[in-house]
Amino acid sequence: MVFILFALSAFIVVLAAIQLNRFGDVISRKSALSGAVVGTFLIAGATSLPELTTSLTAVYIDNPDIAVGNMLGSNVFNLLILAVVDMFYRRKRMFNSVDRRQHLPSAIAGIVFTLVIAASLLFNFNASLFNIGIEMFVLVALYIVTMKFFNKGEEEEMDEAAATGRDYSLRAASIGFAICALVVFGAGSALSIFGDQLAQQTGMSSSFVGSFLIAASTSLPELVTVLVAFKLANYGMAVGSILGSNLFNLQLLAVTDVFYQKGAILSALTSSHLPIALLSIVMLVLTVFTLNRKPKENSLYYAAPSLIIIFLYFVTSYNLF
């Protein structure tokens, strides 16, 4: 029964988050607040709301392993999405078709951000300020610097109406956004609660449940975004949405630490989160290599990084399980 309720919560989160992203896109295009910064923040917040809700609920029920595992696991699963879609549509050569100058800064920033998390886990830093880990202040500072100095060029917009065949008025989109946000909040909370019970009843570790089961559930909206981008042949949007979402998720990790009042949240974790952080770094390094290499006709040469990413994901998940 717990597994059924967990699956049902995940299903509701995915459906609501997809609609949330769609309504957010309409609001950013049609409202007076449709500037690039506000629009990007709104869409990023809409896409990442399931991760935030799930992690905050995990903090509330005092399960930091699920809270942090959900964020790190979502980043890893997002990169897996890119690799799997790239393999499935390998003839389109996605990574050869995007402007690397727009995406390399985000990928490199992701490596640096995750290195901060991995170093904190490896050396078990206990330093905190206002019960918030020092590493979280470092993450936020790096994010601000990244957003200020990395010029992403012009924003690539996805015409959601063209992709879905339906558009909404601003009023309808605003109401729909609010309703979907409430649904995501409720279903995301249930996902953490049932995930915690699932770990207790099955003997699976909370870090595995958070890093793989819950993370995969909350990352499915990103999969839909990538597939829609492919439908529109907008490969830059596919890559950019994943890399940008990963950076935003690590900032939400800092928000989660604010609500965890027992000290730095990373110091309360089991050791099994370090492999996830290291896996994320390796995946990002392979992504940087893929973006930066010179195109060749050899199919195996092109497919190798994505194949390695998929292999490493399943090997790591099996070992943690």
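These legends describe close-up views of a predicted model.

**View 1. The whole chain is built from 12 helices and two strands.**
Along the sequence, the elements run α-α-α-α-α-β-β-α-α-α-α-α-α-α. The protein has 321 residues, and 55% of them are buried. Take the contacts between residues at least 6 apart in sequence: 84% of these join residues at least 24 apart.

**View 2. Helices H3 and H10 pack at an angle of about 175°.**
Two packed helices are described by the angle between their axes and by the distance between the axes. H3 covers residues 64-88, and H10 covers residues 235-259. Their axes are 10 Å apart. Angles over 145 degrees count as roughly antiparallel, so H3 and H10 are roughly antiparallel to each other. Which residues make the contact? From H3 come Ala67, Val68, Met71, Leu72, Ser74, Asn75, Asn78, Leu79 and Leu82. From H10 come Ala238, Val239, Ile242, Leu243, Ser245, Asn246, Asn249, Leu250, Leu252, Leu253 and Thr256. Of the residues in this contact of H3 with H10, 13 are nonpolar and seven are polar. None is charged.

**View 3. The largest nonpolar core holds 81 residues.**
Which residues have the most contacts inside this core? They are Met94, Met136, Ile265 and Leu266. H3 gives the largest share of the core, with 14 residues. Look next at Leu266. Leaving out residues up to four places away in sequence, Leu266 touches Val68, Ile117, Ser120, Leu121, Glu135 and Met136. Val68 also belongs to the contact of H3 with H10.

**View 4. A second core is separate from the largest one.**
This second core has 12 residues. Among them are Ala17, Phe23, Ile27 and Ala181.

**View 5. Lys262 and Asp62 form a salt bridge.**
How many salt bridges does the count give? The count comes to one. In the pair of Lys262 and Asp62, the closest N and O atoms are 2.8 Å apart. Lys262 lies in the loop between H10 and helix H11 (273-292). Asp62 lies in the loop between helix H2 (36-60) and H3. The pair therefore ties together parts that are 200 residues apart in sequence. Lys262 counts as exposed, at 61% relative accessibility. Asp62 counts as partly exposed, at 40%.

**View 6. Thr54 sits in helix H2.**
Is Thr54 buried or exposed? Thr54 is buried, because its relative accessible area is 0% and buried means under 20%. Setting aside residues up to four places away in sequence, Thr54 touches Asn70, Gly188, Leu191, Ser192, Ile214 and Thr218.

**View 7. Val184 lies in helix H8.**
H8 covers residues 170-202. Val184 is buried, with a relative accessible area of 0%. How many residues apart in sequence are Val184 and Leu49? They are 135 residues apart in sequence, yet 7.3 Å apart in space, C-alpha to C-alpha. Leu49 is also in contact with Val184. Beyond neighbours within four places in sequence, the other contacts of Val184 are Val13, Ala16, Ala17, Leu20, Pro50, Thr53 and Ser189. One of these, Ala17, is in the second core.

**View 8. Phe3 lies in helix H1.**
H1 covers residues 2-30. Phe3 counts as exposed, at 54% relative accessibility. Phe3 and Phe194 are 191 residues apart in sequence. In space, C-alpha to C-alpha, Phe3 and Phe194 are 7.6 Å apart.

**View 9. Arg93 has a positive phi although it is not a glycine.**
The phi of Arg93 is about 50°. Where is Arg93? Arg93 lies in the loop between H3 and helix H4 (94-97). At 19% relative accessibility, Arg93 counts as buried, because the cut-off for buried is under 20%.

**View 10. Asn131 also has a positive phi and is not a glycine.**
The phi of Asn131 is about 65°. Asn131 is in the loop between strand S1 (128-129) and strand S2 (132-133). Asn131 is partly exposed, with a relative accessible area of 33%.

Technical notes. Residues numbered from 1 in each chain as written. Predicted model: local features only at pLDDT ≥ 70, side-chain atom pairs only at ≥ 80, totals over all residues. Heavy atoms only, no water. Axes fitted to C-alpha atoms, helices over the stretch in contact; angles between N-to-C directions. Helix = DSSP H or I, 4+ residues; strand = E, 2+ residues; numbered from the N terminus. Parallel < 35°, antiparallel > 145°, perpendicular 65-115°, else oblique. Contact = heavy atoms within 4.5 Å. Nonpolar A, V, L, I, M, F, W, Y, C, P; charged D, E, K, R; others polar. Core = buried A, V, L, I, M, F, W, Y, C linked by side-chain atoms within 4.5 Å. Buried < 20%, exposed > 50% of the residue type's maximum accessible area, 1.4 Å probe, protein only. Salt bridge = Lys/Arg side-chain N within 4 Å of Asp/Glu carboxyl O.
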